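Student: Hi! Can we walk through this one together?
Tutor: Happy to, let's have it on screen.

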Amino acid sequence: MTLRLHSTLTGQAEPVQPDADGVIGIYACGPTVYSRIHIGNARPFVVFSVLKRYLERRGHRARLVINVTDVNDKIYDAARAEGIPSTDLAERCTRQYIDDTDLLGLGRPDAEPLVTGCMDDIIALIADLVERDLAYAAGGDVYFRVRAFPGYGRLSRRDPDDMVDTDPGDLKEDPLDFALWKGVKEGEDVSWESPWGPGRPGWHIECSAMAERELGMGFSVHGGGIDLVFPHHENEIAQSEGAHDAPFARIWMHNEMLELSDSKMSKSIGNIALLADVVQRWGADVVIAYFMQSHYRSRLPFSDERLQDAEAACRRIRNAARALDKALMDPGDSVDAALAAAVVQARTRFVDSMDDDFGTPGAMAAIFELVRAINQSLERGRPAEGQLQEVRLELSALLDMLGLARLMDAGADDAVPDEVLDLVRRREQARADRDFAGADALRDAILAQGYELRDGPDGPEVIPTP
RNA sequence: GGCGACCUGGCGAAGUGGGAACGCAUCGGUCUGCAAAACCGACAUGAACCGGUUCGACUCCGGUGGUCGCCUCCA
């Protein structure tokens, strides 16, 4: 079985097929850089990064492109409010976006084109559309002639005749038409030369141009947040397919929104939590696990409680990894058949879930079932070293497919500071003296230093609290 | 007003026309000086509500109620 993804275009699960060059091309719409990104913006970044990861781990070649919109009205507005050039603001926010997403440790996309770096492609595409009468110049602007593109509305299942309250504009032939090029206006501090005069691209044309440039027409997966279906992706289809009479993207994959107290998290509502703050507080693994425990097409509540759950889930996995490492220091010589079976079953369930529309919750469940099997086995005895290695490798491989392999780094107690080790020694002495009140106080002192103590048959274990 | 989605245990969250995963939380037990971790056990005779189809529905169809999203910048 191969990976199938629900496509917004067909409403059904469609098999993911490589492009003509054997590579699975994935384009996801990235942020507009006028402020730091919030945890909701991070969802598509995580989803599409893990999608690429999963495909690669399954032996496919994949190319992920996530653009950066660095020319936009909001950028002009924000820069004006700060009293700095809009290009400075865009550059700063682009750097912050890179820094913030780097905190997740999921790697970078293969390409992250900037709108400002694709101006020639954009102008050429607009010129094509004008040439084909799918677009027209008016004043210093250029508009797409929506009624001239017959498939308009297919992606969002919308009839152009049903659309109301559309901005009539002064220069449009039809209120439905949307801007491909906007002539420079008073107060805008950057513009580019074009056959229609100085100006800048409209919001939608950039993605058509960048996707075509990076992946060609007819690539595998185009995605982003579900709020982009209309008008952004609808317009991209109109632009690209209008210009080339060829299919643009085969599968349209959209992630649902995060919600905060029953409404979506949105910069315009103001109920946001910055990605950097969330990662700073909880750690990258917890944030990734938080996303992976829910399906990308489900709305996901964002709250401390949800993050706490994810943290507890990470702790459980880390504990099992630590138990494996401990067992490996003193392995047995038998093979645990039940454990061996659990390993096979976990892989099967994991892959089945993932291949069925990127079912990361089922994949996480498969990992937890393996974790339980590991704990049960170690409760029964000590499997042989070879089997322990094999189990460790498999757990690590499954976690890695979700970007969670760091949970295997259980944090050996070799880096424990001397003062903590000293506290441990004093506590052992207190216990030997049956001074349990003193021992408990010392344990609290150790915890305050960031280390958890677990007494076992082989003496106390010192474990860093993440 | 138009279009669409969703409604599963305390909180989250999957899958499925015929045994309701998984995580967290809670309760009891094992282990421990006590904890922690781990293990064992308990925890929705029922899936918003009402009808229908079916031998059989949480799963399909229809209706009611509720929640949310898009239609304008938005991941």
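**RNA contacts and a helix pair**

Tutor: A sugar or linking oxygen of RNA strand B is 2.3 Å from an N or O atom in the side chain of Glu452; a polar contact is a pair of N or O atoms within 3.5 Å.

Student: What should I know about the model itself?

Tutor: This is a predicted model, where local features need pLDDT of at least 70, side-chain atom pairs count only at pLDDT 80 or more, and totals for chains, interfaces and linings use all residues. Side-chain values use heavy atoms, with hydrogens and water left out.

Student: OK, which other polar contacts does RNA strand B have with Gly40 and Asn375?

Tutor: A base nitrogen of RNA strand B is 3.0 Å from a polar backbone atom of Gly40. For Asn375, an N or O atom of the side chain is 3.1 Å from a sugar or linking oxygen of the strand.

Student: And how many residues surround RNA strand B?

Tutor: There are 56, counting a residue as near if one of its heavy atoms lies within 4 Å. The closest are Trp203, Gly225, Leu228, Gln376 and Glu452. Sugar and phosphate make up 67% of the RNA strand B atoms that come within 4 Å of the protein.

Student: New topic: how do H9 and H12 pack?

Tutor: Helix H9 (304-328) packs on helix H12 (residues 385-401) at about 155°, with the axes 10 Å apart. Helices are DSSP runs of H or I, at least four residues. Axes are lines fitted to C-alpha atoms over the stretch in contact, and angles run from 0 to 180 degrees between N-to-C directions.

Student: So what's that orientation called?

Tutor: That angle makes H9 roughly antiparallel to H12, a label for angles over 145 degrees.

Note on methods: Residues numbered from 1 in each chain as written. Chains lettered and ligands numbered in written order. Polar contact = N/O pair within 3.5 Å; in protein donor to acceptor, adjacent residues only side chain to side chain. Helix = DSSP H or I, 4+ residues; strand = E, 2+ residues; numbered from the N terminus. Parallel < 35°, antiparallel > 145°, perpendicular 65-115°, else oblique.
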